[in-house]
Amino acid sequence: MGGLQKKKYERGSATNYITRNKARKKLQLSLADFRRLCILKGIYPHEPKHKKKVNKGSTAPRTFYLFKDIRFLLHEPIVRKFREYKVFVRKLRKAYGKAEWTGVERLRDNKPGYKLDHIIKERYPTFIDALRDIDDALSMCFLFSTFARTGKCHVQTITLCRRLTVEWMNYVVTSRSLRKVFLSIKGIYYQAEVLGQLITWLVPYQFAHDHPTDVDYRVMATFTEMYTTLFGFINFRLYQTLNLVYPPKVTQYLDLTFSCAQQKLSALSASLARVVATAEEEENQLDLFPTEGEDQENMQAREKEQKEQEAQKRLFEGLKFFLNREVPRESLAFILRCFGAEVSWDKSLCIGGTYEVTDETITHQIVDRPDMDKQYINRYYIQPQWVFDSVNAQMRLPVEDYFLGTTLPPHLSPFVEEKDGDYVPPEKLKLMALQRGEKPVQEDEEEEDEEEEEEDDDEEEDDDVDDEELTEEKNLKKLEGTRAQGKTLAVKVTPGKVKPWETGSVGNKVRLEQEEKAEEKRLAIMMMKKKEKYLYDKIMFGKKRTTREVSSLRCAPAKPTRPSLRPFACRWR
Amino acid sequence: PLPPLPRPHPAKGIHKCRKMGQDIRNTVGNVPMEWYQDYPHIGYNLDGKKIFKPIRNKDELDEFLDKMENPDYWRTVHDKMTASDIRLTDEQVDLVHRLQKGQFGDVNFNEYEPSVDFFTNEVMIHPVTNRPQDKRSFIPSLIEKEKVSKLVHAIKMGWIKPRKPKETTPQYYDLWAKEDPNAILGRHKMHVPAPKMRLPGHEESYNPPPEYLLTEEERLVWEQQDAEDRKLPFLPQKHSCLRAVPAFSRFIHERFERCLDLYLCPRQRKMRVNVNPEDLIPKLPKPKDLQPFPTTMSLVYRGHTSLVRCISASPTGQWLVSGSDDFTVRFWEVNTGRCMKTLEVGGAVKSVAWNPNPAVCLVAVCFEHTVLLLNPSLGDRLVVSSTDQLITAYEPPEEDKEQAVTWALSEGLEHNKGHRLTLTHPKAVKQVVWHGKGDYLSSVMPDNSSNLQVLIHQVSKRRTQNPFRKNKGLVQCVSFHPLRPYFFVATQRYVRVYNLIKQELTKKLMTNCKWISSMAIHPGGDNLICGSYDCRLAWFDLDLSTKPYKMLRHHKKALRGVAYHRNYPLFASGADDGSVIVCHGMVYNDLLQNPLIVPVKVLKGHQITHDLGVLDVTFHPTQPWVFSSGADTTIRLFT
């Protein structure tokens with residue numbers, strides 16, 4: 001035999017990982033610097049597959065980094081910058097201590113700084129990679145842009161975030177890429193489709209933050225530092241794709257004398273002219289779209305989808321909105337402009353309003369108050385939820401439900417995609433029916449005629465899905481019926497009936513067969529191996545839980561009172 | 001002499017006092033004068049002589065009179081050191097007054113002396129040193145000129161440029177102008193991208209459908225739960241309009257937590273098990289194809305008044321015998337469910353066994369210390385009479401050996417009842433089993449401490465022997481091999497197989513059970529099943545291994561009885577959960593093919609009383625029927 005005795009933990013997975021403390025020592029960095037470096041370089045701990053092997057037999061909880069990652073950090077030029085900065089701080093402190101003010105000034109002039117460009121390039125080798133990862137950056141920048149100058153972070157950072165977010169919003173408006181919006185209790189979610197990537201971000205409501213004490217703002221600031229760099233480069237590239245100049249002129253408006261919302265609004269209104277200019281370009285592009293060598297059906301489907309998207313992009317085109325003072329101006333102006341509407345607001349509130357309330361051509365006025373004294377007869381007074389619901393439904397919803405002072409229908413999340421067996425709220429069913437172009441139940445004849453004229457295109461579809469709709473409609477009605485009953489009669493006892501399949505011979509057979517199958521399955525389950533049985537039980541448990549949740553939701557209307565579910569009255573504009 | 005020093009506080013004990021005219025100096029030092037209370041003297045003078053106290057001390061009255069009469073009383077001070085009164089002079093009183101006012105002690109001290117400048121403020125006309133100034137202080141410096149001209153030259157030539165203003169705004173450019181797909185590092189392949197933030201559902205809406213709102217109880221539960229246990233990290237809320245929506249208080253927290261997740265949370269690529277649960281279910285032959293097996297309950301035999309412990313079917317399949325805790329043995333006709341005979345015995349019947357030989361009509365019944373051989377006189381008369389003849393034909397041997405049990409022939413009334421032979425054991429008998437030929441019979445007397453646990457009796461010779469010399473544990477049950485001279489003994493955890501002819505242990509089967517309750521041998525003799533109180537049924541293939549070939553955990557509670565069918569490939573197990581599970585257990589003649597075990601039917605019918613369900617199961621000898629006896633005093637037939 002012979003040979004050297006092999007020592008444990010000197011090969012294999014134990015050598016592939018390194019604990020955080022060891023990594024820190026290897027890099028000769030303080031914990032704060034190490035953290036900063038990890039954030040900037042996107043290094044994160046890995047969970048080893050066999051923790052005990054990696055941990056050299058111990059089961060103590062430790063975080064492990066890949067050894068390769070740490071070795072990779074060794075060559076990072078920014079580490080030297082960190083050290084330089086440390087030296088700078090030391091020198092500065094010394095100069096202060098000796099009261100050498102010229103020295104302090106000189107040191108300050110030569111303050112070492114670093115750039116993150118190369119790190120961005122390295123982390124995101126292609127533009128699409130970067131775009132895919134921008135969700136967090138957007139949310140963070142939007143949050144920082146709402147901060148006041150409270151000393152939680154540098155003013156420059158806040159200004160930069162504001163500038164970048166305004167640029168982003170401008171891009172979204174210009175490219176008309178907004179897809180979904182959602183009013184949640186946390187803030188407003190937006191989803192845009194940029195170069196084929198779905199990007200979602202969350203913007204808090206316009207309130208002053210009360211800054212929590214248990215949050216480390218240095219971590220957030222480091223992230224923001226990285227995100228702003230990334231975001232700037234992405235904005236540059238996006239503007240380039242639209243043949244726009246970067247940085248755009250709107251940023252000139254940025255001045256800290258205005259409040260944040262004001263800046264954004266003014267910026268948005270300023271960019272309006274450009275949106276109109278680029279619309280023509282887009283049309284040209286779309287004409288070139290059809291491709292060759294594809295199946296006819298595929299192409300048709302694509303074309304249809306494209307058409308739908310086009311239609312959505314022009315959802316509010318030709319409408320003229322006026323925002324009352326109590327509605328969130330910034331988000332509404334952003335959304336409405338994304339879909340081609342004209343927006344204005346009271347000039348006394350904020351700069352950028354282009355027309356007055358008294359304008360006769362205004363079609364919709366967005367109001368969030370129970371009543372208005374002076375109302376114009378030729379415009380709708382609607383609540384802001386209409387805009388959001390319409391965007392999500394990709395169609396202008398009937399305005400009746402959103403009138404002043406009415407109880408609003410529930411606001412549904414557009415991000416939920418129901419699979420088979422999931423619970424679908426009845427409102428969503430209604431909406432889907434409406435989207436398919438189904439005729440509402442109650443309406444005047446005249447309106448129907450109008451509607452039919454408009455719906456000529458969609459008639460083909462109608463025939464296909466008619467049956468489904470019918471059944472669905474019936475189900476819905478039944479549901480409503482049961483709900484109504486639930487309200488009036490708490491408990492109702494009906495005499496039991498002998499079901500036909502219990503007596504009938506045919507039905508009996510079917511039932512017997514079913515029972516037999518069920519028993520077969522039960523017996524086969526008994527013969528399962530222990531391991532498989534465990535897995536099977538787990539899967540079945542999960543399935544049962546989901547069905548239980550769904551059923552609990554389904555029978556939920558018994559709990560609170562739901563406003564009577566009336567069909568969307570339809571008046572098409 | 002120095003002027004006398006005033007003593008405003010004589011008690012303080014500063015002993016530098018000198019009296020006018022006298023030089024009494026007390027040398028005791030700074031000690032409390034109380035120490036000298038009981039002595040005639042008060043200290044020592046410089047010469048070491050005692051200073052004596054004044055002869056008469058003043059008392060209170062003297063003091064008072066003094067106070068009243070003496071006009072100088074207010075300026076009189078008592079000196080403790082010398083024990084004498086001192087009258088203060090006018091100067092001294094004055095000094096005291098001044099000190100009390102905070103003034104200087106010396107009357108002549110002037111606090112406000114005029115200040116005198118040390119240095120004059122007048123500029124003097126003459127220099128301090130008389131050295132004339134250097135020439136270089138009048139003419140411009142050449143070196144400086146040279147330096148300046150150098151700088152000017154450098155500026156002219158463009159070597160020195162003015163300092164650039166610092167860039168504060170970051171500069172952006174097209175970073176991905178030259179996208180090189182080859183530049184993707186190997187690291188990116190190892191990269192585990194962070195999952196995106198979860199998209200909000202309906203419940204997060206500011207105006208959700210009412211079914212997503214929590215009820216009062218759910219809300220209370222939510223509030224009491226820990227933050228990690230909560231299903232939703234927030235409370236769904238409904239606001240009637242957008243202007244009523246408040247700021248979300250945990251917004252910054254959530255962003256921060258996301259940041260933490262991004263750089264602190266260990267990541268791992270996990271393969272999700274994407275298994276169709278239907279695929280996990282083993283593909284077994286359909287029970288339909290494995291018929292016949294009992295499927296329905298067709299008869300219930302009622303009559304016993306207590307739980308029915310044991311049953312046994314006659315070899316012809318016409319009769320069934322059952323023993324119960326109500327001290328009776330009942331004989332039933334299988335097809336009709338009629339109780340043909342009821343025999344009272346003197347104890348709870350633990351076990352009954354019908355002689356497997358069809359030419360003999362004998363039933364062994366055991367209760368307490370007795371094993372009773374009965375002739376039920378059912379069925380063929382010829383068989384009944386030949387059985388009686390067989391028993392009476394016994395001739396006692398010449399040498400009467402000492403036996404472990406006493407054999408007694410029943411006569412008279414007992415004979416009429418059907419009793420034939422009574423075997424009285426030294427200990428309580430739990431089980432009785434017949435050998436396949438019907439001549440031998442074995443009885444079990446579980447006892448942990450002796451080797452007398454199993455006895456084998458021969459009926460024709462009325463002989464008894466104890467096959468084991470050693471105690472190997474508490475015997476649960478025994479069984480004869482149906483074809484070969486083997487004997488199976490199940491102790492608590494093991495089954496031992498003995499060769500009766502060679503008189504040796506051939507195999508020891510490990511059941512992996514905690515406590516065996518029952519055992520049955522396949523009629524082929526190569527397979528064996530063991531039921532145990534820990535809900536398991538172990539199938540042993542004796543040719544394969546001493547470990548179980550299959551462990552079946554079909555029952556939810558302890559197994560009480562197991563049985564094989566004699567002809568059909570069936571076996572059944574009864575348990576405390578009140579169910580009898582019938583399985584198809586096909587044993588192939590081909591030695592290479594393992595037995596096929598498929599559960600085919602779960603038979604339910606017995607009620608659970610006192611946590612006991614089915615106590616014994618047995619198959620009909622010819623038909624695919626199964627009998628089960630239960631704690632609910634019934635016997636049931638499943639066909």
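Lys91(A) sits in helix 6 of chain A. The model used in these exercises is predicted.

**Exercise 1. State whether Lys91(A) is buried, partly exposed or exposed, and find which surface patch includes Lys91(A).**

Step 1. The relative accessibility of Lys91(A) is 48%.
Step 2. Buried requires a value under 20%, and exposed a value over 50%. Lys91(A) therefore counts as partly exposed.
Step 3. Lys91(A) belongs to a positive surface patch, together with Arg83(A), Lys86(A), Arg90(A), Arg93(A), Lys94(A), Lys98(A) and Arg106(A).
Step 4. The element that gives the most to this positive patch is helix 6, residues 77-98 of chain A, with seven residues.

**Exercise 2. In helix 7 of chain A, work out which residues are buried and which are exposed.**

Step 1. Helix 7 of chain A covers residues 101-109, and its buried residues include Gly103(A), Val104(A) and Leu107(A).
Step 2. These buried residues span an arc of only 100° around the axis, so they are on the same side of helix 7 of chain A.
Step 3. The general rule for an α-helix is 3.6 residues a turn, so residues three or four places apart point the same way.
Step 4. Trp101(A), Thr102(A), Glu105(A) and Arg106(A) are exposed on the other side of helix 7 of chain A. Arg106(A) is also one of the residues of the positive patch from Exercise 1.

**Exercise 3. Locate the positive phi values of Tyr9(A) and Arg176(A), and say how accessible each residue is.**

Step 1. As background, most residues other than glycine have a negative phi.
Step 2. Tyr9(A) is not a glycine, yet its phi is positive, about 60°. Tyr9(A) is in the segment before helix 1 (13-16) of chain A.
Step 3. With 29% relative accessibility, Tyr9(A) counts as partly exposed.
Step 4. Arg176(A), also a residue other than glycine, has a positive phi near 50°. Arg176(A) is in the loop between helix 11 (155-175) and strand 3 (178-183) of chain A.
Step 5. Arg176(A) has a relative accessible area of 13% and is therefore buried.

**Exercise 4. Find where the cis peptide bonds before Pro247(A) and Pro292(B) lie.**

Step 1. As background, most peptide bonds are trans.
Step 2. The bond from Tyr246(A) to Pro247(A) is cis, with omega near -10°. Pro247(A) is in the loop between helix 12 (217-241) and helix 13 (260-270) of chain A.
Step 3. Gln291(B) and Pro292(B) are joined by a cis peptide bond with omega about 5°. Pro292(B) is in the loop between helix 7 (277-280) and strand 5 (297-301) of chain B.

Methods: Residues are numbered from 1 along each chain as its sequence is written. Chains are lettered from A and ligands numbered from 1 in the order in which they are written. This is a predicted model: local features need pLDDT of at least 70, side-chain atom pairs count only at pLDDT 80 or more; totals for chains, interfaces and linings use all residues. Side-chain values use heavy atoms; hydrogens and water are left out. Patches are made of residues with over 30% relative accessible area and no salt bridge: like charges are joined within 9 Å, nonpolar side chains (Val, Leu, Ile, Met, Phe, Trp, Tyr) within 5 Å. Accessible areas come from the Shrake-Rupley method with a 1.4 Å probe; for residues, only the protein chains shown count as cover. A salt bridge is a side-chain nitrogen of Lys or Arg within 4 Å of a carboxyl oxygen of Asp or Glu. Lys and Arg count as positive and Asp and Glu as negative; His and the chain ends are not counted. The place of a charge is taken as NZ of Lys, CZ of Arg, CG of Asp or CD of Glu. Helices (H or I, at least four residues) and strands (E, at least two) are DSSP runs, numbered from the N terminus. Buried means under 20% relative accessible area, exposed over 50%, partly exposed in between (1.4 Å probe, protein chains only). The arc is that of the directions from the helix axis to the C-beta atoms.
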